[in-house]
Amino acid sequence: PTQDELKRAAAHRAVELVEPGMTLGLGTGSTAAHALDRLGDLLRAGALPGVAGVPTSLKTEAHAARVGIPLLSLGGGPDMKIHLSIDGADEVDPDLNLVKGRGGSLLREKMIEGAGDRFVVIVDESKLVPRLGCTGAIPVEVVPFGARHTLGLIREVFDGLPGFHARLREGSEDAPFVTDNGNYIVEMFFEDGIRGDLRDISDRLLRITGVVEHGMFLRMATTVIVANKDGTVAVIN
Ligand code: DER
């Protein structure tokens, strides 16, 4: 099967967990997009009455609207509760810690997926890593004001870590990439992954004034669904 077929298999398995009346966190990225399509099909067939979703990005909001998923906003109602979030990930380590946000949506993803009762991560097996940071950057959302100063502070704080370097993520025509929230992204790279305490690195990052949030989702996933190349789908809780 192609990687996209694997992503679709994981997404469809996750959507089997959706029950009528649920409020869902709707993820962002190509794997989550398969879940949105599947949900739209089921909703249009009348299979999941009362289901609605809170989108983790403007892109997901548009996609959900296009396929007919009713939309809610975070904190939209007095007793609003998110029962289940479904989203992809860039990396999954053996403790089910994640890297997310290489698509730029980490802040809204972390807010919504942190608010829900369950957070189901859908990946193909290429996302499984021995350590976070193995296949690419850890994204860090920073406010635009003084962003290069904040980049300097991040470099200072993590200078000692092996193979570390950081840069401001470029958008189009060499202007910085801008998130849905109007912020910038600092990309932190660690050659062959982070060799350090993830919780400590998270705490040190979040104490840097100007840093909004980062893309390490530590101990947040309640279930990880892995579509393997051999056609099997593993559900890890
Ligand atoms: O940006 C994100 O957090 C996405 O969920 C990303 O982590 C997964 O994107 P993909 O499903 O397109 O690989």
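How many salt bridges does the count come to? The count comes to 10 salt bridges, and we will visit a few of them on this tour. Keep in mind that you are looking at a predicted model.

**Stop 1: the sheet.** Select the strands β8, β9, β7 and β10, and you will see them in that order in an open, antiparallel sheet. Its edges are β8 (164-168) and β10 (211-214), each of which pairs on one side only. On average, and ignoring direction, neighbouring strands here are turned by 25° against each other. Now zoom in on β7 (residues 138-142) and β9 (residues 184-190), which are joined by five bridges in the antiparallel sense. To find one of the matched positions, pick Val-140: its bridge partner in β9 is Val-186.

**Stop 2: the helices on the sheet.** Add helix α4 (residues 106-115), which packs on the sheet and touches β7, β9 and β10. The direction of α4 makes about 65° with that of β10. Next, show helix α6 (residues 198-206), which also touches β7, β9 and β10; here the angle with the direction of β10 is about 155°.

**Stop 3: from helix to strand.** Display the side chains of Lys-110 and Glu-213, which meet in a salt bridge at 2.7 Å, N to O. Lys-110 sits in helix α4 and Glu-213 in strand β10, so far along the chain that 103 residues separate them. Are these two residues buried or exposed? Both Lys-110 and Glu-213 are buried.

**Stop 4: between two strands.** Move to Arg-167 and Glu-187, another salt bridge, with the closest N and O atoms 2.7 Å apart. This one links strand β8 to strand β9, across 20 residues of chain. Arg-167 is partly exposed, at 42% relative accessible area, while Glu-187 counts as buried because its relative accessibility is 12%, under the 20% cut-off.

**Stop 5: along helix α6.** Select Asp-200 and Arg-204, whose closest N and O atoms are 3.2 Å apart in a salt bridge. The two are four residues apart in the helix, which means about one helical turn lies between them. Asp-200 is partly exposed at 34%, and so is Arg-204 at 27%. For a network, show Asp-87, Lys-100 and Glu-109, which are joined by salt bridges that share partners.

**Stop 6: an acid without a salt bridge.** Finish at Asp-93, in the loop between β4 (91-92) and β5 (98-99). Asp-93 is buried but has no salt bridge, and the nearest side chain of opposite charge, Arg-219, is 6.2 Å away. What does the side chain of Asp-93 reach at 2.7 Å? It reaches the backbone nitrogen of Asp-95. Show the contacts of Asp-93 too, including Val-129, Pro-130, Leu-132 and Leu-198.

Definitions and conventions. Residues numbered from 1 in each chain as written. Predicted model: local features only at pLDDT ≥ 70, side-chain atom pairs only at ≥ 80, totals over all residues. Heavy atoms only, no water. Pairing = 2+ DSSP bridges. Axes fitted to C-alpha atoms, helices over the stretch in contact; angles between N-to-C directions. Contact = heavy atoms within 4.5 Å. Buried < 20%, exposed > 50% of the residue type's maximum accessible area, 1.4 Å probe, protein only. Lys, Arg positive; Asp, Glu negative; His and termini not counted. Salt bridge = Lys/Arg side-chain N within 4 Å of Asp/Glu carboxyl O. Polar contact = N/O pair within 3.5 Å; in protein donor to acceptor, adjacent residues only side chain to side chain. Lists of a residue's contacts leave out its neighbours within four places in sequence.
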